[in-house]
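Biologist: I have a model open on my screen. Please show me how to read it.

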There are 2 protein chains.
Amino acid sequence: MKMIHLAESRAFEEKGLKRFLLHDSPYFRILNFNLQAGQIFPVHHHPAEGQVSIHVIEGTGQFLGENGAAIPAVAGDILVSDISEPHGVKADTDMRILVTIAPPF
Amino acid sequence: MKMIHLAESRAFEEKGLKRFLLHDSPYFRILNFNLQAGQIFPVHHHPAEGQVSIHVIEGTGQFLGENGAAIPAVAGDILVSDISEPHGVKADTDMRILVTIAPPF
């Protein structure tokens, strides 16, 4: 068993999004990204099997997809995407997201 | 891509914990359990490979383990456990947890 306290990784950076690797195993990888208002996690995808969940734990912004797609995202919203499908995030306010990747690639 | 809004599954039940299946795929299963103050998700385990994360999204309580182990749990805390390892939850206040199982069994 392992405990993670999200309160301990509540840090932001002027120069770009702040990344914390919280857990890594053969089954899933859990990361916390913190974005200041206006920062962007650019749309990306990987040629790998699996899915990713992006859970907004604080703040508001948008989930990004291909062709400029943007879906409003507030705390308590979760986007589930194939790893191979383009996905990204834009922060409108300071924003924290919890990302779970299964399986890690 | 799929959107989940945790605000839409914020329901509790007098007679026992309330369960919502939010996502199921070959990669992970995501569930939301809502416990009223005093309700218990009994300690259990399954003879399966994989891990489970239990993320407290609201309220306070305790993560439970074998031999009566109890670890304080507040919103923003995540327990990661092997599926085969005994784990459970007790709610001290009304409490919501997000459970991710990878891979589903």
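**Reading the pair, then the chain**

Modeller: This is a predicted model. Start with the two copies. A turn of 180° and a shift of 0.0 Å along the axis lay chain A on chain B, with an RMSD of 0.0 Å. The two copies are therefore related as by a two-fold rotation axis.

Biologist: Which C-alpha of chain A is nearest the axis?

Modeller: That of A:Ala102, 3.4 Å from the axis. The same surface serves both copies: 100% of chain A's contact residues recur in chain B.

Biologist: How many helices and strands are there in chain A?

Modeller: Zero helices and ten strands. Along the sequence the pattern reads β-β-β-β-β-β-β-β-β-β.

Biologist: What does the radius of gyration of chain A tell me?

Modeller: Compare it with the value for a compact globule. For 105 residues that value would be near 13 Å, and chain A has 13 Å, so the two agree. The C-alpha atoms fill a box of roughly 35 × 35 × 25 Å along the principal axes.

Biologist: What share of the residues of chain A is buried?

Modeller: Buried means under 20% relative accessible area. By that cut-off, 50% of the 105 residues of chain A are buried. The accessible surface of chain A is about 4,700 Å², and carbon and sulfur atoms hold 54% of it.

Biologist: And contacts along the sequence?

Modeller: Take the contacts in chain A between residues at least 6 apart in sequence. Of these, 64% join residues at least 24 apart.

Biologist: How many positive and negative side chains does chain A have?

Modeller: There are 8 positive and 12 negative ones. The centres of the two sets lie 9 Å apart.

Note on methods
Residues numbered from 1 in each chain as written. Chains lettered and ligands numbered in written order. Predicted model: local features only at pLDDT ≥ 70, side-chain atom pairs only at ≥ 80, totals over all residues. Heavy atoms only, no water. Helix = DSSP H or I, 4+ residues; strand = E, 2+ residues; numbered from the N terminus. Rg over C-alpha atoms; globule rule 2.2 N^0.38 Å. Buried < 20%, exposed > 50% of the residue type's maximum accessible area, 1.4 Å probe, protein only. Contact = heavy atoms within 4.5 Å. Areas by Shrake-Rupley, 256 points an atom, 1.4 Å probe, with all protein chains shown as cover. Lys, Arg positive; Asp, Glu negative; His and termini not counted. Charge placed at Lys NZ, Arg CZ, Asp CG, Glu CD. Least-squares fit on C-alpha atoms with pLDDT ≥ 70 in both.
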